[in-house]
Amino acid sequence: MNEQTKLTEEIIDNLISDRKTDRLWRNIRFFTYIGIVLLLTLLLVVLLIPHQPSNINKKHFSLVRMSGMIMPGSNFSAARVIPELQHAFHDDKSSGVILEINSGGGAPVQSELIHNEILRLKHATKKKVIVVGDDVLASGAYLIATAADKIYVNQDTITGSIGVIMASFGFTGAMKKLHIERRVITAGKHKDRLDPFKDAEVQDTNKITNLIGITRQHFMQFVKEGRGNLLKTPAQAKINPRDNSLDTGDFWIGTEAKKLGLVDGFGDIYSVGKKEFGTQDFVDYTAKISFLDDLVGNASKSVQRAALSLTT
C-alpha cells in the first residue's frame, strides 16, 4: 500500500512538473509572439515616418523621390505624388525642394497633373525647386522636370525622349490560321477603333496619329515654357547635324542633354543640395510603400502595360 501510494505521488508529481513545464513554454511562446508583433509594429512605424535629420531646426531642404512608370494606381501617380509635394513645399523651415526622379515616363495626363501642381506650389510658396535625374529622366518624367527652376542629371543619365507613343497588338493573322471568327456589336461606328482583333484601318491610324501629334505639341510647349532660350536643336548642338528638332522622341545621355539645353548641370542630391541650398541635410517627404502595395502595384502595372496605352 505504501508502495502504491508512493508510486501514485510520483506520478502526480511528474504530471504537475510536466504541466508547469508546458505552462512555462506556453508563456515563453506567447511573450515571444508579442515581442515579434511589437518589433514589427515598431519597424512599420519607423518605415512610415519620413526621414528627418537629427536636428530638423537646422538648415535643410525638402526631398521627394519619384521613380517607376508614371500611371494611375502606381507609386508614381498624381494621387500618390501630389500629397508628398504639398507636404514638402509647405515645410516652412526648408530652404527649397529637390525632386529626385528616375523614370522613363508614362501616362501624359498623370505627368501633366504632377507638373502643374509643382508650378502651383512653387508660385504659392515662393520656394526654389530643383530636379535631380537619376538613371533615366525621359518622356513624361522629363515633362515633369520642366516645372523646376533647374535640372541636374548624371553625365550618363538617359534624358529627353520628347514625344508620344501609343502601342497595341494585332491578332488577325493568328485568328485566320486558327479559323477564329470575331463577333463584335457596337453602338457608334468608331467604338471598335484599334480593336486588336480586326485589321487596322487607315482612318483609325490617321485618327491616332493626329491625336498623339496634338499631345506631342502640348509636351513640347511645356518644354519651351520651362527651358526657354536655353534650348538648342541637335543640329545647333552638333550632336546630329541632320536633326533639327527636339521632339522626335529621341533621347540623349546627360552630357548631350547639357549641350542641348535640356539640363543645367551634373550632380546628385547631396552636391546639388550644397550648391543650390547650402546644405546636404534634408527631410524626405517620400511616402514609404508597403510590401503589399508594391506587390499589388506591380501586378496592376503589368496588366496595364499589356493593354493599349498612350504614353509619353
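Lys150 is partly exposed, with a relative accessible area of 33%, and in this predicted model its side chain meets that of Glu276 in a salt bridge whose N to O distance is 3.4 Å. Because Lys150 lies in strand β4 and Glu276 in helix α8, the pair ties together parts that are 126 residues apart in sequence. Elsewhere, salt bridges that share partners join Arg65, Glu100 and Asp284 into one network.

**Charged pairs**

The structure holds 10 salt bridges in total. Side chains of opposite charge can pair when their charged atoms come close. Besides its pairing with Lys150, Glu276 forms a salt bridge with Lys128, where the closest N and O atoms are 3.0 Å apart. This second pair also links distant parts of the chain, since Glu276 sits in helix α8 (residues 269-277) and Lys128 in the loop between α3 and β3 (129-138), 148 residues apart. Glu276 itself is buried, with a relative accessible area of 12%, whereas Lys128 is partly exposed at 34%.

A further salt bridge is formed by Lys122 and Asp149, whose closest N and O atoms are 3.5 Å apart. Lys122 lies in helix α3 (residues 108-125) and Asp149 in the loop between α4 (140-145) and β4 (150-153), so this pair ties together parts that are 27 residues apart in sequence. Here the lysine is the buried partner, Lys122 having a relative accessible area of 12%, which counts as buried because the cut-off is under 20%. Asp149, in turn, is partly exposed, with a relative accessible area of 38%.

The three pairs described above are set out here with their distances.

| Salt bridge | Closest N to O distance | Citation |
|---|---|---|
| Lys122 and Asp149 | 3.5 Å | |
| Glu276 and Lys128 | 3.0 Å | |
| Lys150 and Glu276 | 3.4 Å | |

**Overall composition**

The protein contains nine helices and 10 strands, and buried residues make up 36% of its 312 residues. Of the contacts between residues at least 6 apart in sequence, 75% join residues at least 24 apart. The protein exposes about 18,700 Å², and carbon and sulfur atoms supply 57% of that area.

On this surface, Phe30, Phe31, Ile34 and Leu38 make a nonpolar patch of about 440 Å². Phe30 has its place in helix α1 (residues 2-48) and is partly exposed, with a relative accessible area of 47%.

**The largest pocket**

Rolling a probe the size of a water molecule over the atoms shows where empty space is left. The largest pocket has a volume of about 240 Å³ and is lined by 17 residues, of which Ser168, Leu194, Ala200, Thr205 and Ile208 lie nearest its centre. The elements that give two or more residues to this lining are β6 (165-167) and α6 (202-227), and the largest share, five residues, comes from α6.

**Met220 in helix α6**

Helix α6 is also the place of Met220, a residue that is buried, with a relative accessible area of 10%. Leaving aside residues up to four places away in sequence, Met220 touches Ile162, Leu231, Leu246 and Asp247. The C-alpha atoms of Met220 and Leu143 are separated by 8.5 Å, although these residues are 77 apart along the chain.

**Two residues with positive phi**

Most residues other than glycine have a negative phi, and most peptide bonds are trans. Ser139, which is not a glycine, nevertheless has a positive phi of about 55°, and His179, likewise a residue other than glycine, has a positive phi near 55°. Ser139 lies in the loop between β3 and α4, and His179 is found in the loop between α5 (172-177) and α6. As to burial, Ser139 is buried, with a relative accessible area of 2%, while His179 is exposed, with a relative accessible area of 73%.

Notes:
Residues numbered from 1 in each chain as written. Predicted model: local features only at pLDDT ≥ 70, side-chain atom pairs only at ≥ 80, totals over all residues. Heavy atoms only, no water. Helix = DSSP H or I, 4+ residues; strand = E, 2+ residues; numbered from the N terminus. Buried < 20%, exposed > 50% of the residue type's maximum accessible area, 1.4 Å probe, protein only. Contact = heavy atoms within 4.5 Å. Areas by Shrake-Rupley, 256 points an atom, 1.4 Å probe, with all protein chains shown as cover. Patch = residues over 30% accessible without salt bridge, like charges linked within 9 Å, V, L, I, M, F, W, Y side chains within 5 Å. Salt bridge = Lys/Arg side-chain N within 4 Å of Asp/Glu carboxyl O. 1 Å grid on protein atoms, 1.4 Å probe; cavity = no way out; pocket = protein on both sides within 12 Å on 5 of 7 lines; lining within 4 Å. Points joined across faces, edges and corners; volume = space filled by probe spheres on them.
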